[in-house]
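Colleague: Can we go through the wording you use for this model? I'd like to see what backs each term.

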Amino acid sequence: MASGAKVDNECKTVFNDVKLGRKYRYVIFGFNDTDLTTIVVLKKADPSATYADFTDDLKAAEKNGECRYAVFDAEYQTSSGGSRNKILFFMWSPEEAKTKQKMVYSASKDALKKCLGEGIGKEVQANDHGDLQWSSILEIIMRTERD
């Protein structure tokens, strides 16, 4: 189901800053207006930001009954002890979000991912706080990880 949503050019630019320059730890995307027509960058977090900071930002959107997209540059350890990074794409659609928000975000996800292009390591669909726990995210990352 295509939504016809537009993606602001800054989304691609900022994603490349994460992917190529590690300029940000995470970026949160959302719609810029009540008509839900254009996806824009809502927040860029410094490289020193933590996963807890990231989840706090997503939970703040939940309090407003809103969904969000995000990319997070995750650092993790492989089973052999090696250090790796993987860019995760999040679709945050909490139960408390308005029905229209959920529908439009779901229908517009592919438009954003297409605009961002290559470089997303894993996709995470998160609907509640349990889905955002680092242990759950790490499990998703490690499912196909090779040492």
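What follows is a short talk about one helix and the sheet it lies on.

Modeller: First the ground rules: this is a predicted model, where local features need pLDDT of at least 70, side-chain atom pairs count only at pLDDT 80 or more, and totals for chains, interfaces and linings use all residues. Residues are numbered from 1 along each chain as its sequence is written, and side-chain values use heavy atoms, leaving out hydrogens and water.

Colleague: How do you know that the span of helix α1 agrees with its number of residues?

Modeller: Helices are DSSP runs of H or I, at least four residues. The expected span is 1.5 Å times one less than the number of residues, so the 13 residues of α1 (9-21) should cover 18 Å, and the end C-alpha atoms are indeed 18 Å apart.

Colleague: What makes C11, V14, F15 and V18 the buried residues of α1?

Modeller: Each is under 20% relative accessible area (1.4 Å probe, protein chains only). They span an arc of only 105 degrees around the axis, taken from the directions to the C-beta atoms, so they sit on the same side of α1. Turned away from that side are N9, L20 and G21, which are exposed (over 50%).

Colleague: Why are β1 and β6 called edge strands?

Modeller: Strands are DSSP runs of E, at least two residues, and two of them pair if DSSP finds at least two bridges between them. The open sheet runs β1-β3-β2-β4-β5-β6, and β1 and β6 each pair on one side only. By contrast, what pairs with β4 over 10 bridges? That's β5, in the antiparallel sense.
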